[in-house]
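This briefing is meant for a reader who is meeting the structure for the first time. Please keep the sequence and the model in view while going through the points below.

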Amino acid sequence: MEYDPLVDLPGGDNFHDVTALFEDAAEALHPGALVLTNGFTLLDAMSSFEIGEPRFDSGLALLDKSKPIFNPLAPLTPEEVCWIIDRSFSCEMEWHSGYTLSQTIYSFLYVHSLKEIDPDLVPGGSPPRLDSLRPPELITVVLRAALLGLLKCCDLSWRELNKGNVYDAEDWQSEKCDVPLSEALPVKYICKVLDKACHWLETSAKVQQPWKAMLMNRLMLRKSLIVLFETQLSQPHSSLLPTMINLSLQLLHPIMTVTPSEPALDSPARLAFDPQFPRVIVSYIPLHVIQLPDQARTWALLEGMLMSLKNVNDLANTTELTTWEVAGHLQLWCPRPHSRFPYVRSITQSAFWDGVLVLNKFALKHVVDQFFRETLNISYDAFTQDIMTRWEGPAPPPLAQIERTMTQILIANIKSLWYNLPRRRRFCAKSLFDWHELFVVFMDVCVRLAPLQDQKKLDHVRRARVAVLMYRLSVIREVVLSGFQLSLYTNEERVFAYWYVVQVLEMHLSCIDQLMPGMSSDSNAYFELSYQLQFLTALQSLSMTVFAITVKKTTFSWRRTRLNFLRRYKWAFMPEYEDIDLQPIGHPSFTKFATACESMQKDKQFSLDSIALAIEALSRLLTSPDGWAGRWSEERKKFVQKLLDVCIDLHRQLPSTEQALTTWDAKTLKWDADVHPWFPIISGFPPAPPR
C-alpha cells in the first residue's frame, strides 16, 4: 500500500493513552526528585539535550578526509612560520572569548606534535630536505618556542580562571581533554627557550630581513605575555605590572601594522590548523566547527585585553570602594570594545579581594570604614562611638553583626560587578534580602538608642540607616534596568519597568535629600551625592516620559500582565521576607501600577517637559565635580553624554502633544543595548551629532 503523508502516520495510528500509566509509576516521586540508573548521572541527562548554544551545537558534519596528511616537519618559509604564529594568537583569543580549548588551541595541530618537532628527538636518519629558504630550525627552534609559549600562556590563564571568580561552562571552558598545556614546564624554562630562539634568529644567516625582525617581535611579545600572566597570577599588585603591560603593547603595535600574506593554497602552513580535529578528541560536549577571526580583529582583541589589564592595575591601586563601583558600573553599562574577557574579570576580582586581604593590604574592616567615609563623610569609629554612648538595650549592641554583614554584602557586591550580566542581575536580586536584613538591624539599633541631647548634632546612626536603604534602592534600580540591557521584557513589561523605576528613584532621591544636609559641602562624599541627585533626577524624568508614551500606546491583557509581573519580580515575594516583621521598602505593587496606568490613560495633558528637565540636569553633570569617580571621571562623562544624546533625540522626534501622540506609530521605538542599555531610540532618524 502506498504511503500517504497527509493521512498515514509513521508506525500506524493505533495509539493508546498512557498518561495514567506514567502517573501511577511516578506517584511515589516528590516534586523535583529524579531517578537515575546506575552509571547514568545528572550530567549525562543534561548532555542528552541539544540546547542550541552556538558554541556547542555541532549538528551533523562528516570529517573531511580529502585533505593531505599533516606533517609537522614539512619545511616552511619564514613568512609561513610568521603567519602560523599569528594564527595561533587567533586561537588563543577565541578561547579567551568563551570557546573551548578543543575548538581553538587544539585545532592548532602542532600542539599535538611537540615531540615530533623537538630538536633533540628529530630522527637523524631522515632529516628534512635541505632548502636554504626553509631551514628546519624555523620549526624545531622558532615555531616550537612560540608553541610552548602559547601553551604556557593558556596554562597561566587557566589557573586564574579556575579560581572560581568566573564560572566554568558559563564564562569560560576548562575542559582540557587530557591534552597537556605545558603545566609541568616552569616559566623560566619557557622564557629560556624563547630567548634561545631569538638568539638563533639574531645570529643565523638562514633568515633574512624583514622576517628576522618580525619573528623576533612575535617571540618577544609571547615572552612578555608569559611574564605578565605569571606575575598577575602570583603577585596581582606588583609594581612591575604597568611596565610589563606597556612593554607588551609596544611589542604589539608594530606587529599590528605589518601582517604576513596568506600562504598559497598548496602550502603546508595551511594544514597546521584543522577546525575539524576537535571531533576526534574525547569531549563531554558536542562541538561545532568555528571560524577563527581575521588577523586584524585578533590583534584588536589582544590590544583590548592589554588595555583592560592596564585598567585593572589602576583599580588595584585605588582604595575607595565607590570608585570601584563607578568603574564597575561603567564597564557593565558601556563596555569598551574587547574589554570584558573572563580572564580580565577574574583578575579584577582577585585584585580586589584574594580571600584574605582587601586590595592585598587591608583587613576586612577597611570595607566598612570606606562605606561610612565615602557615603556619610564620617569614620566608622565615630558611628560605633555614637551607638555605645546612647545605647539603652538590655544586651550589647550588635556591632559585630553589623560589621560582619556589611563586609560580606559590600565585598560580594563589588566582585559581582565583574560577573557576566545575567549572573550579575541574579546576584543583585538575591542580595536584596541581605540588604533588607541589614536595614532591619539598623532599625532595631535606632529603637534602642537614647535621643540626642544636642538636637543640632547629626544623628549618625539614623543617617547610616538611610544610607543602607539608599544602597538597597540602587540595587533594585539595577535589577530593573538590566532587564532592558538583556532584552528580557515584553511590551507590557517595559511599561511596568519604567513606572517602577520612577517609584524607586523617588525613594532614592528622598534618601539623598536626607543625607546631604549637614554634610561638608567641599567633601567628595557631598560631591558624589550631588552628582547622584542630578543623574537620578534625569533618569526619573526620562523614565516618566517613556512610561507615559508606552502606556498610552500599549493594549494590556491584564491577566497576562499580572502573570508576567509575578514571574519577573518573584524576588520581591520570597517567603524569607515573611519571617521579618518589617515590610521591605521599595517593592513593586501591581495594584498601584494598574491605578497609575488608568490615571495616565485618562490624562490628556501630555508634554515633553520631563525630557527637557532631564536634558538640563544631564548638561549640568558634564561640568559638575567628579565626586568619587577618580580616574574614571571622563568615562562617566562619556556615559552621561551618551544618555544626553538619547534625550535630545527623543525630545526632537517624539510627538509633543496628546493629539500628535494618538496618530504616532509607537513601533518606531527601538530598544538597542548597543546604542543605550536602558532607553529606546527612534528608528529611521539620524542620531544627534556628538558634541
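How many helices and how many strands does the chain have? The chain has 22 helices and 2 strands, and the reader should bear in mind from the start that this is a predicted model. The points that follow begin with the chain as a whole and then turn to aromatic rings, to charges, to two buried residues and to some details of the backbone.

**The chain as a whole**

- The C-alpha trace of the chain spans about 95 × 80 × 60 Å when it is taken along its principal axes.
- Of the 691 residues in the chain, 52% count as buried, while the accessible surface of the chain amounts to about 33600 Å², with 57% of that area belonging to carbon and sulfur atoms.
- Among the contacts in the chain with a separation of 6 or more, 82% are accounted for by residues that are 24 or more positions apart.
- On the side of charge, the chain carries 68 positive and 78 negative side chains, and the centres of these two sets lie 5 Å apart.

**Aromatic rings**

- A search of the whole structure finds 43 aromatic pairs, and one of these is formed by F371 and Y471, whose ring centres are 5.1 Å apart.
- Why is the pair of F371 and Y471 described as tilted? The planes of the two rings stand at 50°, and the word tilted is used because this angle is neither under 30 degrees, which would count as stacked, nor over 60, which would count as edge-to-face.
- F371 belongs to helix 11 (residues 365-376) and Y471 to helix 15 (residues 460-485), so the pair ties together parts of the chain that are 100 residues apart in sequence.
- Both partners can be followed in terms of their accessibility: F371 is buried, with a relative accessible area of 2%, and Y471 counts as buried at 12%, because the cut-off for a buried residue is under 20%.
- Y569 and W571 form an aromatic pair of the edge-to-face kind, with 6.1 Å from centre to centre and 65° between the planes, and Y569 is buried, as is W571.
- Y569 and W571 also belong to one aromatic cluster, whose other members are F496, W499, Y500, F556, W558, F565, F573, F590 and F593.

**Charges over rings**

- The charged end of K176 sits over the ring of W158, at 4.0 Å from the centre of that ring.
- In a second case, the charged end of R631 sits over the ring of W632, at 4.4 Å from its centre.

**Two buried residues and their surroundings**

- L432 has its place in helix 14 (residues 421-447), and L432 is buried, with a relative accessible area of 0%.
- Which residues are in contact with L432, once its neighbours within four places in sequence are left aside? They are R472, V475, I476, W571 and Y577, and W571 is also one of the members of the aromatic cluster described above.
- L432 and I409 are 23 residues apart in sequence, and in space they are 9.9 Å apart, C-alpha to C-alpha.
- F341 is found in the loop between helix 9 (321-333) and helix 10 (342-352), and F341 is buried, with a relative accessible area of 5%.
- Leaving aside its neighbours within four places in sequence, F341 is in contact with M93, H96, S97, L301 and M305.
- F341 and M216 are 125 residues apart in sequence, and the distance between them in space, C-alpha to C-alpha, is 27 Å.

**Details of the backbone**

- The peptide bond that leads from Q209 to P210 is cis, with omega near 5°, and P210 is found in the loop between helix 5 (187-203) and helix 6 (211-234).
- H338, a residue other than glycine, has a positive phi near 60°; H338 has its place in the loop between helix 9 and helix 10 and is partly exposed, with a relative accessible area of 26%.
- S487 is not a glycine either, although its phi is positive at about 55°; S487 is found in the loop between helix 15 and helix 16 (491-515).
- Is S487 buried or exposed? S487 is exposed, with a relative accessible area of 61%, because exposed residues are those over 50%.

Conventions
Residues numbered from 1 in each chain as written. Predicted model: local features only at pLDDT ≥ 70, side-chain atom pairs only at ≥ 80, totals over all residues. Heavy atoms only, no water. Helix = DSSP H or I, 4+ residues; strand = E, 2+ residues; numbered from the N terminus. Buried < 20%, exposed > 50% of the residue type's maximum accessible area, 1.4 Å probe, protein only. Contact = heavy atoms within 4.5 Å. Areas by Shrake-Rupley, 256 points an atom, 1.4 Å probe, with all protein chains shown as cover. Lys, Arg positive; Asp, Glu negative; His and termini not counted. Charge placed at Lys NZ, Arg CZ, Asp CG, Glu CD. Phe/Tyr/Trp six-rings, centres within 6.5 Å; stacked < 30°, edge-to-face > 60°. Lys NZ or Arg CZ within 6 Å of the ring centre and 35° of its normal.
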